[in-house]
Amino acid sequence: LINYGDKIIAGRVTAVTDGFDANNLPYTDITVAVNESLKGNASGYYTFRQIGLAAPRDMGNGRTYVGVSPDGFPRFSTGEDVVVFLFKKTSLGFQSTAGLMQGKFTVRGRELVNDINNRGLFENVTVNPAQLTPEEQKMLATDQGPLDTELFKGFVKKAVQQGWFN
């Protein structure tokens with residue numbers, strides 16, 4: 001996720017809106033009030049656009065448009081605290097999370113978890129143990145379940161700054 005993420009941000013979702021762009025493609029815009037930028041330059045409010053609507057839409061002609069974001073894409077709610085790993089924007093302006101559901105972490109108190117309970121998050125991740133604190137070593141040995149938010153963010157920042165996964 002660190003390698004594929006063009007931007008990695010932590011913050012609170014302030015808006016989730018959807019519609020159709022100039023090419024008549026359905027989209028959902030997610031706006032995050034950035035508390036911390038772990039990779040890339042993001043500050044203030046950052047908005048990214050996923051393909052598909054947030055929910056089916058009554059088209060007013062007796063028909064309902066059901067082109068929501070595909071299965072596997074994370075869902076966002078206003079007011080939730082998140083850490084997101086974002087791919088670069090496409091030429092059409094869409095930007096999804098790296099690993100789709102794997103790249104969106106919901107923060108609840110001191111813990112964070114993605115939509116698949118962090119299952120396999122550190123699988124095949126190799127880091128020299130001498131570069132890690134004992135807490136980070138223990139975290140990397142975890143195969144699923146919630147993680148300490150600050151420990152995880154600190155690990156990501158260290159990995160980005162030291163270029164471990166480039």
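In the predicted model, Val-82 faces Thr-106 of strand β7. The strands concerned are β6, spanning residues 81–86, and β7, spanning residues 104–108. They pair in the antiparallel sense, and 4 bridges connect them.

This pairing belongs to an open sheet of 7 strands. The strand order is β3-β2-β1-β6-β7-β8-β9, with antiparallel pairing. The edges are formed by β3 (45–51) and β9 (147–148). Each edge strand has a single partner, so one of its sides is left without a neighbour in the sheet. In general, the strands of a sheet pair through backbone hydrogen bonds, in parallel or antiparallel fashion.

Helix α2, residues 149–162, lies across much of this arrangement. The strands it crosses are β1 (7–20), β2 (26–39), β6, β7, β8 (111–114) and β9. Relative to β2, the helix runs at about 85 degrees.

Aromatic side chains form 7 pairs in the structure. One of them joins Phe-20 and Tyr-65. Their ring centres are 5.1 Å apart, and the planes meet at 80 degrees. Planes over 60 degrees apart count as edge-to-face, so the Phe-20 and Tyr-65 pair falls in that class. The pair links distant parts of the chain. Phe-20 belongs to strand β1, whereas Tyr-65 belongs to strand β5 (residues 64–65), and 45 residues separate them.

Both rings have intermediate accessibility, given that partly exposed covers the range between 20% and 50%. Phe-20 has a relative accessible area of 26% and is therefore partly exposed. Tyr-65 stands at 30% and is likewise partly exposed.

Met-59 adjoins this pair. Its place is in the loop between β4 (57–58) and β5. Beyond its neighbours within four places in sequence, Met-59 is in contact with Phe-20, Thr-64 and Tyr-65. Both members of the aromatic pair are thus among the contacts of Met-59. With a relative accessible area of 39%, Met-59 is also partly exposed.

A separate aromatic feature is the cluster formed by Phe-85, Phe-105 and Phe-152. Phe-85 falls within the residue range of β6, and Phe-105 within that of β7. Phe-152 falls within the range of helix α2.

Charged side chains also meet aromatic rings. The charged end of Arg-49 sits over the ring of Tyr-27, at 3.5 Å from the ring centre. Arg-49 falls within the range of edge strand β3, and Tyr-27 within that of β2. Lys-104 lies over the face of Phe-76, 4.9 Å from the centre of the ring. Lys-104 is at the start of the β7 range.

Terms used
Residues numbered from 1 in each chain as written. Predicted model: local features only at pLDDT ≥ 70, side-chain atom pairs only at ≥ 80, totals over all residues. Heavy atoms only, no water. Pairing = 2+ DSSP bridges. Helix = DSSP H or I, 4+ residues; strand = E, 2+ residues; numbered from the N terminus. Contact = heavy atoms within 4.5 Å. Axes fitted to C-alpha atoms, helices over the stretch in contact; angles between N-to-C directions. Phe/Tyr/Trp six-rings, centres within 6.5 Å; stacked < 30°, edge-to-face > 60°. Buried < 20%, exposed > 50% of the residue type's maximum accessible area, 1.4 Å probe, protein only. Lys NZ or Arg CZ within 6 Å of the ring centre and 35° of its normal.
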